[in-house]
Amino acid sequence: MTTDIAEQFRPVAPPYVIEDAYTEDQRQRIFKVVRENAPWPLILAENFKSPEEVIATTGGIIPEGVTLTWDMILQGNGTFRGYIARQGVCFYPELNDCYYNSRFLEIARNYWGAQYAEPETFLINIQGPTPIGGPPHLDGVVFRGMTMENTPLWLLLTMAKSRMFDHWRSKKMQVTGWYYKGNIGGGFNYWPDGPRGEPKQITSPMWGRAVVAENEMMFHHAQATGPVAMRRVSGLDISSVMAPDPAVEGGWRIETNGTITKQIPANEMRLLVHWGARVFMDMADLKRTFDHSDDITQDQALNMLTDEVRRRGVTFEMPTDPLTDRKFIGMLSQVFAVNGPANIPADVDDVVAA
Ligand SMILES: [Fe+2]
């Protein structure tokens, strides 16, 4: 059953690569904003309240009797995040042209064959050498009436994985660009032909290269990055941050509870710049969204999910706070787990790259 659903996860149109996603002038301003507005928190700290929410999002199965801890999730995970814009607001006016980006908006409309597009998210992922960036995953989905503003990410992704809510699902796409001078891993793996199809790879070094894709419906992840000996980050904590190293030009460092746990040289800093848009096929589609004439509510969504759970013969107790109840979240994540790609390309290590 889950295998059939997995097959449905394909982007609306074939992804494609563009070069020079940002001009050199734009790139310099992006880098300046990223440096001047650090420190940046871990992605996990930004988006999740409990380890079960991470699992519900990444689609993993929690083994029977196992209680998750942050330590289990954080092993090897060292990617940090900063928001540059959200919805209609760019937080840094010096990057207005990058966000309200007429070239990208045209790309967005053309990708969907849609009449209208609006910029929706602009964020950065920043990291040094790391092991592979977790299993292939899907990006955050939003629905008419249920978005990141009023709904936890784990619930949005569980809804997406169930494929029961496509009627309300927003049409999105991204231009995901990278700046990484290293050449040991650090690229991007993606499955445009579904999780059973052949993976495609963008390989480093990448300087302004970007993929145009619908990442909500396409499994993807970052490759292991940097020299193998530098990939482990010890002492990582959910409160760890990444900040510029004041002693090294272009260098960065990871700080945990006031202690420097890792230094990252400038040429091993990997920056992902993620620009996302929401598109509307036509004026009727746009009006339906902004008039809220066909929204879904949280109650309706939870009812549909739990009805389906019961229909599949799974028994559970309805908690008083389903949005944060770890047992309930873990149960839904197992029932609606999607079997992601198993054919993950081998990590590039120093020997192969040399
Ligand atoms: Fe992603």
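# A guided tour of the protein chain

Of the 354 residues in the protein chain, 41% count as buried. The model on the screen is a predicted one.

**The whole chain.** Begin with the entire chain in a cartoon view. It has 12 helices and 14 strands. Along its principal axes, the C-alpha trace spans about 60 × 50 × 40 Å. The radius of gyration is 20 Å, and this agrees with a compact globule, because a globule of 354 residues would have a value near 20 Å. Among the contacts of the protein chain with a separation of 6 or more, 77% join residues that are 24 or more positions apart.

**Strand E6 and its partners.** Select residues 171-180, which form strand E6. Is this strand mostly covered or mostly uncovered? Nine of its 10 residues are buried, and E6 is thus described as mostly covered. Next, add residues 270-280, strand E14, which pairs with E6 in the antiparallel sense over 10 bridges. Within this pairing, Lys171 stands opposite Val279 of E14. Then add residues 206-213, strand E9, which is joined to E6 by seven bridges and also runs antiparallel to E6. Here the bridge partner of Thr176 is Val211 in E9. As a general point, the strands of a sheet pair through backbone hydrogen bonds, in either a parallel or an antiparallel manner.

**The nonpolar core.** Remain on E9 and select Val212. The largest nonpolar core has 78 residues, and Val212 is among the four that touch the most other members, together with Ala108, Leu156 and Leu157. Which helix gives this core its largest share? That share, seven residues, comes from helix H8, residues 153-162. Now display the surroundings of Val212. Apart from neighbours within four places in sequence, Val212 is in contact with Pro15, Tyr16, Ile18, Ile107, Tyr111, Met173 and Val175.

**A three-stranded sheet.** Select strands E8, E7 and E10, which form an open sheet in that order, with antiparallel pairing. Which strands lie at the edges? They are E8 (200-202) and E10 (220-222), each of which pairs on one side only. From one strand to the next, the twist averages 20°. Strand E7, residues 188-190, pairs with E8 over three bridges. To inspect one position, display Tyr190, which stands opposite Lys200 in E8.

**Two cis peptide bonds.** From E8, move to the loop between E8 and E9, where Pro205 lies. The peptide bond from Ser204 to Pro205 is cis, and its omega is near -5°. Then go to Pro39, in the loop between helix H2 (24-36) and strand E2 (40-41). The bond from Ala38 to Pro39 is cis too, with omega near 0°.

**Two residues with positive phi.** Select Asp20, in the loop between strand E1 (16-18) and H2. Asp20 is not a glycine, yet its phi is positive, at about 50°. Why does Asp20 count as partly exposed? It has 13 C-beta neighbours inside 10 Å, and a residue is called exposed at 12 or fewer and buried at 20 or more. Finish at Gln87, in the loop between strand E3 (79-86) and strand E4 (89-90). Gln87 has a positive phi of about 55°, although it is not a glycine. With 13 C-beta neighbours inside 10 Å, Gln87 also counts as partly exposed.

Note on methods: Residues are numbered from 1 along each chain as its sequence is written. This is a predicted model: local features need pLDDT of at least 70, side-chain atom pairs count only at pLDDT 80 or more; totals for chains, interfaces and linings use all residues. Helices (H or I, at least four residues) and strands (E, at least two) are DSSP runs, numbered from the N terminus. The radius of gyration is taken over C-alpha atoms; the globule rule is 2.2 Å times the number of residues to the power 0.38. Two residues are in contact if their C-beta atoms, placed from the backbone, lie within 7 Å. Two strands pair if DSSP finds at least two bridges between them. Axes are lines fitted to C-alpha atoms, for helices over the stretch in contact, and angles run from 0 to 180 degrees between N-to-C directions. A nonpolar core is a set of buried Ala, Val, Leu, Ile, Met, Phe, Trp, Tyr and Cys residues joined through C-beta atoms within 7 Å.
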